[in-house]
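Here are a few exercises to work through with the model open beside you. Try each task before you read its solution.

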Amino acid sequence: MIGYVANFRDEHPEAPVEVCYCLKHEQAELFRHVINESFDDYDKITWRMQVTSEGNFLLFFDEDMFNQYDLTNILEEILKVDFNNK
């Protein structure tokens, strides 16, 4: 599955809720580029990343930060890019 996966929370009570998206390699690179170009050094977006067995990237974002920077719109635009026609 590429795109929004789910919201997650570790089992301990202080753990933040995380939003997870699954991206292909090209999409993950484009996302990183867009973030670096769109936000100042003081406002850098952070995320945790895992690579799946298929070579896709799971990006986990703190839910509060995800909503604060409205990353849904950025990720949805990236998911629309057709890398096969480039």
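**Exercise 1. Cysteines**

Work out whether Cys 22 is buried or exposed, and find how many disulfides the structure holds.

*Solution.* Keep in mind that this is a predicted model.

- Step 1: Start with accessibility. Cys 22 has a relative accessibility of 5%, so it counts as buried, the cut-off being under 20%.
- Step 2: Do the same for Cys 20. At 1% relative accessibility, Cys 20 counts as buried too.
- Step 3: Look for a partner. The closest cysteine sulfur to that of Cys 22 is in Cys 20, at 7.1 Å. Going the other way, the closest cysteine sulfur to that of Cys 20 is in Cys 22.
- Step 4: Compare with the cut-off. A disulfide needs the sulfurs within 2.5 Å, so 7.1 Å is too far for a bond between Cys 20 and Cys 22.
- Step 5: Give the count. The structure holds zero disulfides.

**Exercise 2. A helix pair**

Describe how helix 1 and helix 3 pack: at what angle, and how far apart are their axes? Then say which residues make the contact.

*Solution.*

- Step 1: Locate the helices. Helix 1 covers residues 25-38 and helix 3 covers residues 71-80.
- Step 2: Read off the geometry. The two helices pack at about 135°, and their axes lie 10 Å apart.
- Step 3: Classify the angle. Roughly antiparallel would take an angle over 145 degrees, and roughly perpendicular means 65 to 115. Helix 1 and helix 3 are therefore oblique to each other.
- Step 4: Add the hand. The crossing of helix 1 and helix 3 is right-handed.
- Step 5: List the contact. Helix 1 brings Gln 27, Leu 30, Phe 31, Val 34 and Ile 35, while helix 3 brings Leu 71, Ile 74, Leu 75, Ile 78 and Leu 79.
- Step 6: Sort by class. Nine residues in the contact of helix 1 with helix 3 are nonpolar, one is polar and none is charged.

**Exercise 3. Two residues of helix 1**

Take Ile 35 and Gln 27. Which residues does Ile 35 touch, not counting those up to four places away in sequence, and which does Gln 27 contact on the same terms?

*Solution.*

- Step 1: Ile 35 sits in helix 1 and is buried, with a relative accessible area of 0%.
- Step 2: Beyond its sequence neighbours, Ile 35 touches Lys 44, Ile 45, Trp 47, Leu 71 and Ile 74.
- Step 3: Check a spacing. Thr 46 is eleven residues from Ile 35 in sequence, with 9.6 Å between their C-alpha atoms.
- Step 4: Gln 27 is also in helix 1, and at 5% relative accessibility it counts as buried.
- Step 5: With neighbours within four places left aside, Gln 27 contacts Ile 2, Ile 78, Leu 79 and Phe 83.
- Step 6: Check another spacing. Gln 27 and Asp 82 are 55 residues apart in sequence, yet 9.5 Å apart in space, C-alpha to C-alpha.

**Exercise 4. Helix 2 and the loop after it**

Place Met 65 and Asp 70, then decide what stands out about the phi of Asp 70.

*Solution.*

- Step 1: Met 65 lies in helix 2 and counts as buried at 12% relative accessibility.
- Step 2: Outside its sequence neighbours within four places, Met 65 is in contact with Ile 45, Thr 46 and Leu 71.
- Step 3: Asp 70 belongs to the loop between helix 2 (63-68) and helix 3. Its relative accessible area is 40%, so Asp 70 is partly exposed.
- Step 4: The phi of Asp 70 is near 50°, which is positive in a residue other than glycine.

Technical notes: Residues are numbered from 1 along each chain as its sequence is written. This is a predicted model: local features need pLDDT of at least 70, side-chain atom pairs count only at pLDDT 80 or more; totals for chains, interfaces and linings use all residues. Side-chain values use heavy atoms; hydrogens and water are left out. Buried means under 20% relative accessible area, exposed over 50%, partly exposed in between (1.4 Å probe, protein chains only). Axes are lines fitted to C-alpha atoms, for helices over the stretch in contact, and angles run from 0 to 180 degrees between N-to-C directions. Helices (H or I, at least four residues) and strands (E, at least two) are DSSP runs, numbered from the N terminus. Angles under 35 degrees count as roughly parallel, over 145 as roughly antiparallel, 65 to 115 as roughly perpendicular and the rest as oblique. A crossing is left-handed if the near helix is turned anticlockwise from the far one by less than a right angle, and right-handed if clockwise. Contact means heavy atoms within 4.5 Å. Ala, Val, Leu, Ile, Met, Phe, Trp, Tyr, Cys and Pro count as nonpolar, Asp, Glu, Lys and Arg as charged, and the others, Gly among them, as polar.
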